Amino acid sequence: MTGRQRHRLLLENAQQLVLVCGRRELYLRRDGAASLAVLQGASLVVGLDGCIKAVGQADVIRNQFSQATFERIIDCSGKCVLPGLVDAHTHPVWAGDRVHEFAMKLAGASYMEIHQAGGGIHFTVEHTRKATEDELFNTLQHRLERMLRAGSTLVECKSGYGLNLETELKMLRVIERSKESMDIGISSTYCGAHAVPKGKTAAEATDDIINNHLPKLKELKLSGEIHVNNIDVFCEKGVFDLESTRRILQAGKDIGLQINFHGDELHPMKSAELGAELGALAISHLEEVSDEGIVAMARVECAAVLLPTTAYMLRLKQPQARKMLEEGVIVALGSDFNPNAYCFSMPMVMHLACVNMKMSMNEALAAATINAAYALGKSDTHGSLEVGKQGDVLIINSSRWEHLIYQFGGHETLISYVIVKGKVVYQNERCETMSSY
């Protein structure tokens, strides 16, 4: 019985309401990812605590909450309601502009050729070190706002363009400030092992991270100044080898960080096997993953965060999404937003995943919601529209939810509302005025 309880939000009469899953699954794989839970003619209620209180057929919800009052009511007739999208891999804190490198790539230069010539990550590191904290904070807010308007309500944000303790901490403070000041959800990642700093060997950089960076992060976590969720390493030929990666990831795990790292992108490194051994929550990229690595990830429930923008931009071999799905790997998606892959839009990422990696639209949506949330350790609270979960919701101006993936771009006219914790954080001016009382 709801009595005359007050609630934050009622979404009523949705043409389609996409739960994604409805039995508190922490992830979907194989048949679960291929067939999503969708209700027709349904409504949803979010309470004052920002959590979902009810989801069901419109007439049932109407009767159940007939005596309740709502801060906001949105008529979703003819529209679709979906969970907020989750972007499981981004590098959004940096200064400088690498648009000139796009021309170099188009002329045939490889990622590592640009990197070795002082471009790539090192170019961004130079500019990020010079930028003030406020400058980085302002640009991060602008980027996160664009992600939010494209439907992302939870985003993983990495450091990694400092490579020294001072700048890495500056980046993590900027991420922390955004957590506190913005509506969008953030999972923060320490990625001090993104590249080997100039003037250091990989072994020296590894020792510096283990002996200086991580103890400082532990201290700041205990004092409540910075709360980092994940640890990341770029495990790659010419960057951090398998043994250095192992040492850094284990040291991060020892201070309570979730392992979520770059692996098997440009060369086969046996990163997937290492991640499975260490109990990694997720591994990103995996363009060059081995068959044994795929089996190992499936066995230990380690998510594969696939990044179709990167393979597209760098003209790499596409990740083996179909093989991973068939082997039972938990497949998630991320935009890999960074100066090298400048994409804010998870709908476009899902489209690329379907076209280039041969995923179905159901699989892509699962990968950008519940599975991406799982890759961040948050699928108990995010990634599906179920009672008790956080009320992060999209409303799209279409009678079929698949338009979110089918339409390649143009999402500024498709997404009507973005809602976080039951609060409308973006309303498309072209859409109907919301009723409230």
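**A predicted fold, starting from Asn-13**

Asn-13 is partly exposed, because its relative accessible area of 26% falls between the cut-offs of 20% and 50%. This residue is found in strand β1, which covers residues 6–20. Its phi is near 65°, a positive value in a residue other than glycine. Most residues other than glycine have a negative phi. It's worth keeping in mind that the model is a predicted one.

Stepping back to the whole chain, the protein holds 18 helices and 16 strands. Its C-alpha trace spans about 70 × 45 × 40 Å along the principal axes. The radius of gyration is 21 Å, and a compact globule of 437 residues would come out near 22 Å, so the two agree. Buried residues account for 60% of the 437 residues. As for contacts, take those between residues at least 6 apart in sequence: 73% of them join residues at least 24 apart.

On the outside, the protein exposes about 16,600 Å², and carbon and sulfur atoms supply 49% of that area. There are 45 positive and 52 negative charges, and the mean positions of the two sets sit 3 Å apart.

How sure is the predictor about all this? The pLDDT averages 95, and 97% of the residues score at least 70. Confidence is highest in strand β6 (residues 85–87), at a mean of 99, and lowest in helix α4 (residues 111–116), at 81. Over residues 433–437, though, the pLDDT is below 50; in the model this stretch still has 18 contacts beyond near neighbours in sequence.

Back to single residues, Leu-163 also has a phi near 65°, again a positive value in a residue other than glycine. Its place is in the loop between β7 (152–158) and α7 (165–181). Leu-163 counts as buried because its relative accessibility is 3%, under the 20% cut-off.

Helix α7 itself carries Leu-169. At 10% relative accessibility, this leucine counts as buried. Setting aside neighbours within four places in sequence, Leu-169 is in contact with Lys-216, Leu-217, Leu-220 and Ile-226. One of these pairings can be put in numbers: Leu-169 and Leu-217 are 48 residues apart in sequence, while their C-alpha atoms are 8.3 Å apart in space.

Another buried spot turns up in helix α5 (residues 121–130), where Thr-124 is found. Thr-124 has a relative accessibility of 1%, so it counts as buried. Which residues does Thr-124 touch, leaving aside its neighbours within four places in sequence? The contacts are with Trp-94, Ala-95, Arg-98, Tyr-161 and Pro-339.

Finally, helix α11 (residues 291–300) has its own set of buried residues, namely Gly-293, Ile-294, Ala-296, Met-297 and Ala-298. What covers them includes two helices, α10 (271–278) and α13 (321–327), along with two strands, β11 (282–285) and β12 (303–306). Just after α11 comes Glu-301, which takes a positive phi of about 60°.

Conventions: Residues numbered from 1 in each chain as written. Predicted model: local features only at pLDDT ≥ 70, side-chain atom pairs only at ≥ 80, totals over all residues. Heavy atoms only, no water. Helix = DSSP H or I, 4+ residues; strand = E, 2+ residues; numbered from the N terminus. Rg over C-alpha atoms; globule rule 2.2 N^0.38 Å. Buried < 20%, exposed > 50% of the residue type's maximum accessible area, 1.4 Å probe, protein only. Contact = heavy atoms within 4.5 Å. Areas by Shrake-Rupley, 256 points an atom, 1.4 Å probe, with all protein chains shown as cover. Lys, Arg positive; Asp, Glu negative; His and termini not counted. Charge placed at Lys NZ, Arg CZ, Asp CG, Glu CD. pLDDT = per-residue confidence, 0-100.
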